[in-house]
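Please open the model in your viewer and keep the selection tool at hand. The stops below say what to select next and what is to be found there.

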Amino acid sequence: KPDIVLARHRAVVLVHGCFWHRHEGCPIATTPKSNTDFWRAKFARNVARDREVAQQLQAAGWRVFVIWECALSSGTKAREAATRLALAIRGAQ
């Protein structure tokens, strides 16, 4: 399920946790040192599911936007992310 649905704009926003959804290059997206095979498989399933969900939403006519956890880590970053998101939603119409 999308975290935010903007029906008027036919847009959905998915807020992804960097650890669980594997934000590439992000220091939050670490892999635990124990039971590594389990975690890698779990993360791979999460990423595959994210891709499938985005494709299903797009096929249903929705525009999909992703906001990463690290982009919301402070008030300043969150405001900047919200501004970028608003511009992207308005600009992509």
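## A tour by selection

Begin with Val64, which is buried at a relative accessible area of 19%, where buried means under 20%, exposed over 50% and partly exposed in between, with a 1.4 Å probe and protein chains only. This is a predicted model, in which local features need pLDDT of at least 70 and side-chain atom pairs count only at pLDDT 80 or more, while totals for chains, interfaces and linings use all residues. Residues are numbered from 1 along each chain as its sequence is written, and side-chain values use heavy atoms, with hydrogens and water left out.

Val64 belongs to strand β3, where strands are DSSP runs of E with at least two residues and helices are runs of H or I with at least four, both numbered from the N terminus. If you select its contacts (heavy atoms within 4.5 Å) and set aside residues up to four places away in sequence, you will find Val12, Leu14, Ala54, Leu57 and Gln58. For a distance to display, draw a line from the C-alpha of Val64 to that of Arg84, 20 residues apart along the chain, and it should read 14 Å.

**The whole chain**

Now zoom out until the full protein is in view. Its 3 helices and 3 strands follow one another from the N terminus in the order β-β-α-α-β-α. Along the principal axes, the C-alpha atoms fill a box of roughly 45 × 35 × 15 Å, and 30% of the 93 residues count as buried. Among contacts with a separation of 6 or more, 56% join residues that are 24 or more positions apart.

If you show the surface, the accessible area, calculated by the Shrake-Rupley method with a 1.4 Å probe and, for residues, with only the protein chains shown counting as cover, comes to about 6300 Å², of which carbon and sulfur atoms hold 56%.

**Strand β2**

Select Ala11 next, a residue of strand β2 that is buried with a relative accessible area of 0%. Beyond residues up to four places away in sequence, Ala11 touches Ile4, Val5, Leu6, Trp62, Arg63, Phe65 and Ile89. The last of these lies 78 residues from Ala11 along the chain, yet the two C-alpha atoms are separated by 7.2 Å.

Move along to His16 in the strand that spans residues 11–16. Is His16 buried or exposed? At 9% relative accessibility, His16 counts as buried, and its contacts, again leaving out residues up to four places away in sequence, are His21, Asp50, Val66, Ile67, Trp68 and Glu69.

**Helix α2**

Ala54, already met as a contact of Val64, lies in helix α2 and is buried, with a relative accessible area of 16%. From here, turn the view to look for Lys33, which is 21 residues from Ala54 in sequence and 30 Å away in space, C-alpha to C-alpha.

**The loop between α1 and α2**

Three selections belong here. Ile28, placed between α1 (18–21) and α2 (36–59), counts as partly exposed at 34% relative accessibility. Leaving out residues up to four places away in sequence, Ile28 touches Cys18, Phe19, Glu69 and Cys70, while its C-alpha is separated by 18 Å from that of Phe38, 10 residues apart along the chain.

The other two call for a look at the backbone. Most residues other than glycine have a negative phi. Arg22, in this loop, has a positive phi near 65 degrees. Asn35, also in the loop between α1 and α2, has a positive phi of about 55 degrees although it is not a glycine, and at 51% relative accessibility this residue counts as exposed.

**A last stop on the surface**

Finally, select Leu72 in the loop between β3 (63–68) and α3 (75–91), which is partly exposed, with a relative accessible area of 38%. Which residues form a nonpolar patch on the surface with Leu72? Adding Ile4 and Val15 to the selection completes the patch, which has about 210 Å² of accessible area together. Such patches are made of residues with over 30% relative accessible area and no salt bridge, joining like charges within 9 Å and nonpolar side chains (Val, Leu, Ile, Met, Phe, Trp, Tyr) within 5 Å, a salt bridge being a side-chain nitrogen of Lys or Arg within 4 Å of a carboxyl oxygen of Asp or Glu.
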